[in-house]
Every structure is written in C-alpha cells, then in structure tokens.
Amino acid sequence: MSLLSRLARFNQRHPWSHNDHYGRWVAGQVAASGARHVLDVGCGTGNLVALLRRRAVTVTGLEPDSATARAAVERFADDGAVTIIQTDFAGRDPQRRPRSGTSGRVRRSWPATPP
C-alpha cells in the first residue's frame, strides 16, 4: 500500500480540519481587534462565519465554489447579518471595507501553535 493510500485511510478514520481547529482562536482574535464587520475569504460552508457572527455585527463570506456557496447561503438564510457571495477575493465589492478579514489560505500558513 502506498504512502498516499495510507494517509487517505488514516484521514478517513481521523478527520481533522485546520479551519475548525483554529476557528475559535481566529474568532477570538477578531473580537479582540474590535472589528464589527468581518470578511471571510474562502468561507466554505460557513463554520468560521458562524463563529465570527457571534462576535461581529456583520459577516460577509466569499466562496468561489458554486455548490459550497449555495450550502452557506442556505445555512445563513435566516440571518440578515450574514452575506454569502459566490466569488473569490478579486470579485469582491471594493467599496465594502470590513474592519477585519480572514482567509483559509492565511490560516494554513500559521504555525501549529497559536502565539
């Protein structure tokens, strides 16, 4: 069995998401900054958006994948303070300027232990 096959089997038995792992810490950092309007670039289905929403007045999530964006839109359909837009960062409205922003691409480059 190849190394990649073994890793795939291990991940199926023990799924881990860096986004979910660091989500509370990220939301805490955003709250500590005093941000009230937050942008989550590459929001996926909205796990971090949900955490940010507890601490911010408004949250805008950008998600380029159409199926994933639809799932996030449906998840927050009853929350007028959350806006999900099917686009990437380049397609955002430059007139909307949130106080704080997050991105999974950035979170992936953080050290394994939050400072």
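Select Leu7 in helix α1, which covers residues 3-13. The model is predicted, and every value below is computed from its atoms. Leu7 is partly exposed, with a relative accessible area of 47%. That percentage falls between the cut-offs of 20% for buried and 50% for exposed, so Leu7 is placed in the intermediate class.

Keep Leu7 selected and add Leu3 and Leu4. Together these three leucines make a nonpolar surface patch of about 350 Å². A residue needs over 30% relative accessible area to belong to a patch, and Leu7, at 47%, meets that condition.

Now zoom out and colour by secondary structure. The protein chain has five helices and four strands. Read from the N terminus, the order of elements is α-α-β-α-β-α-β-β-α. Switch to a surface view: about 7,700 Å² of the protein chain is exposed, and 51% of that area comes from carbon and sulfur atoms. Of the 115 residues, 32% count as buried.

A contact map is useful at this point. Among contacts in the protein chain with a separation of 6 or more, 58% are between residues 24 or more positions apart. The next stops include several pairs of this kind of sequence separation, given as C-alpha distances.

Go to Val30, in helix α2 (residues 18-33). Is Val30 buried or exposed? Val30 counts as buried because its relative accessibility is 6%, under the 20% limit. Draw a distance from the C-alpha of Val30 to that of Arg55: the two are 25 residues apart along the chain, and the separation is 8.0 Å.

Next, select Gly44, in the loop between β1 (37-41) and α3. Gly44 is also buried, with a relative accessible area of 18%. Which residues does Gly44 touch, leaving out those up to four places away in sequence? They are Glu63, Thr68 and Ala72. Show these three as sticks around the glycine.

From Gly44, two C-alpha distances lead further along the chain. One goes to Arg70, 26 residues away in sequence and 9.7 Å away in space. The other goes to Ala71, where a sequence gap of 27 residues corresponds to 8.5 Å. Ala71 sits in helix α4 and is partly exposed, with a relative accessible area of 31%.

Stay on helix α4, which spans residues 66-75, and pick Val73. Val73 counts as partly exposed, at 42% relative accessibility. Measure back to Thr45: the C-alpha atoms of Val73 and Thr45 are 8.3 Å apart, although their positions lie 28 residues apart in the numbering.Turn to charged side chains. How many salt bridges does a search of the whole structure find? The search finds one. Select Arg53 and Asp79: they form a salt bridge, with the closest N and O atoms 3.1 Å apart. The pair links distant parts of the chain, 26 residues apart, with Arg53 in helix α3 (residues 47-53) and Asp79 in the loop between α4 and β3 (82-85). Arg53 is partly exposed, at a relative accessible area of 27%. Asp79 is partly exposed too, at 21%.

Finish with the rings. Select Phe89 and Arg92: the arginine lies over the face of the phenylalanine, at 3.8 Å from the ring centre. How many aromatic pairs are there? The count comes to zero, where a pair would need ring centres within 6.5 Å.

Note on methods. Residues numbered from 1 in each chain as written. Predicted model: local features only at pLDDT ≥ 70, side-chain atom pairs only at ≥ 80, totals over all residues. Heavy atoms only, no water. Phe/Tyr/Trp six-rings, centres within 6.5 Å; stacked < 30°, edge-to-face > 60°. Lys NZ or Arg CZ within 6 Å of the ring centre and 35° of its normal. Patch = residues over 30% accessible without salt bridge, like charges linked within 9 Å, V, L, I, M, F, W, Y side chains within 5 Å. Areas by Shrake-Rupley, 256 points an atom, 1.4 Å probe, with all protein chains shown as cover. Salt bridge = Lys/Arg side-chain N within 4 Å of Asp/Glu carboxyl O. Helix = DSSP H or I, 4+ residues; strand = E, 2+ residues; numbered from the N terminus. Buried < 20%, exposed > 50% of the residue type's maximum accessible area, 1.4 Å probe, protein only. Contact = heavy atoms within 4.5 Å.
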